[in-house]
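Trainee: Could you take one part of this model and go through it closely? I would like the charged side chains and how they pair, and then whatever else helps to place them.

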Amino acid sequence: WNDQDSLNETFLQHWEYNRDDPHLQNFLNDTSMYSQSDDHEVIDNYGNWSFYEVSKDPNERNKSGYANLVKTGVKYFFEFSPIEKNKERPDQIYRMFHWGKNLDLFLLDAHSYRSVNILPDTVQNNKTLYGKQQLAWLKNKLLSSTATWKIISNPIPITIPDCIGFMQACNNWATNNASNTLTFTNERNQFLKFLDERNIKNLIFLTTDVHYAATVKVSQDFDRDGDSFTFYEMTNGPLSVYTGDKPYPLDPTINATYIYSESALFNFGHVKIEKEKDDRYHFIYEVIDSNNRIRPNSTINLIPK
């Protein structure tokens, strides 16, 4: 992965292959969408985060190819996703959209700024999944948001662990073992404490990357002031790959519970923000299968606080 010309040709072909699919072409012709970058557009976890890397010898784990993968991935993301670039930071993918008084939508970049996942998660190492600048931006936007609902779209889960390889290095904010040091939980805990301290209400994470549908509720006193902070995570997928995964155990280090989960189906999530009889705008979510049916027990109607 140190040959940039080879990378350009490989990832160009990946994008062209997917865009040749007539069903995807019909979808893109008929449906407006927000583009969000993910690792699957190039290679799993940009090549430096998967079992294939953490199982190799130490000399291979910090090779320079990772930066090339990110650079090439971002390049072709913009070429095949014609979005307006940030004038000051042209490679910045994370951004937000304001939809009136009831919705602010935040799109995150979970791959461009992360530390290597085999780095021990200590205070001294300042390990980060999203990068200090992106997290500072997100905090400021959440603090200034006056929208009823704050929706964070994230390509990886918040509560569902992805810790793989013989070292059990984790690839998102969740962990499957309270004693595992190869995590990103220090950054996660600091962010959740911030949300609790600032009382950021009506926060929803929309995520993917697992091969099943689930809704998770988290209620915990992260800042230890005696009041619990609550948020939800709705995860969906996939539409076009195998559906063999069963719901994984949730992160045991936070108070997270499944309120719905279902596997072995192609699916997507459908969100409505509607005014109900109580004159408040509710967040209504349901999972739809490939036959356009609402899945049993998947509907949730949240009342704003």
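Mentor: Glu262, Asp289, Arg293 and Arg295 are linked in a network of salt bridges, where a salt bridge is a side-chain nitrogen of Lys or Arg within 4 Å of a carboxyl oxygen of Asp or Glu. The model is predicted, so local features need pLDDT of at least 70 and side-chain atom pairs count only at pLDDT 80 or more, while totals for chains, interfaces and linings use all residues. Residues are numbered from 1 along each chain as its sequence is written, and side-chain values use heavy atoms, with hydrogens and water left out.

Side chains of opposite charge can pair when their charged atoms come close. In this network, Glu262 forms a salt bridge with Arg295, and their closest N and O atoms are 2.5 Å apart. That pair links distant parts of the chain: Glu262 is in strand 9 (residues 256-262), Arg295 is in the loop between strand 11 and strand 12, and 33 residues separate them. Helices (H or I, at least four residues) and strands (E, at least two) are DSSP runs, numbered from the N terminus. Arg295 has a relative accessibility of 19% and therefore counts as buried; buried means under 20% relative accessible area, exposed over 50%, and partly exposed in between (1.4 Å probe, protein chains only).

Another salt bridge of the network joins Arg293 to Asp289, with 3.2 Å between the closest N and O atoms. The two partners differ in cover: Asp289 is buried, at 4% relative accessibility, whereas Arg293 is partly exposed, at 46%.

Asn297 also lies in the loop between strand 11 and strand 12 (300-302). Its phi is near 70°, a positive value in a residue other than glycine. Because its relative accessibility is 70%, Asn297 counts as exposed.

His282 is in strand 11 (residues 281-289). At 5% relative accessibility, His282 is buried. Its side chain makes a polar contact of 2.6 Å with that of Asn301. A polar contact is a pair of N or O atoms within 3.5 Å; within protein, one must be able to donate a hydrogen and the other to accept it, and residues adjacent in sequence count only if both atoms are side-chain atoms.

The count for the model comes to 8 salt bridges. One of them is between the side chains of Lys75 and Glu79, at 3.1 Å from N to O. Lys75 and Glu79 are 4 residues apart in helix 5 (residues 65-80), so about one helical turn separates them. Lys75 is partly exposed, with a relative accessible area of 36%, and Glu79 is partly exposed at 48%.

For charges without such a partner, look at Glu9, Glu16, Asp20 and Asp21, which form a negative surface patch. Patches are made of residues with over 30% relative accessible area and no salt bridge, with like charges joined within 9 Å and nonpolar side chains (Val, Leu, Ile, Met, Phe, Trp, Tyr) within 5 Å. Asp21 lies in the loop between helix 1 (4-19) and helix 2 (22-30), and Asp21 is partly exposed, with a relative accessible area of 33%.

Definitions and conventions: Accessible areas come from the Shrake-Rupley method with a 1.4 Å probe; for residues, only the protein chains shown count as cover. Lys and Arg count as positive and Asp and Glu as negative; His and the chain ends are not counted. The place of a charge is taken as NZ of Lys, CZ of Arg, CG of Asp or CD of Glu.
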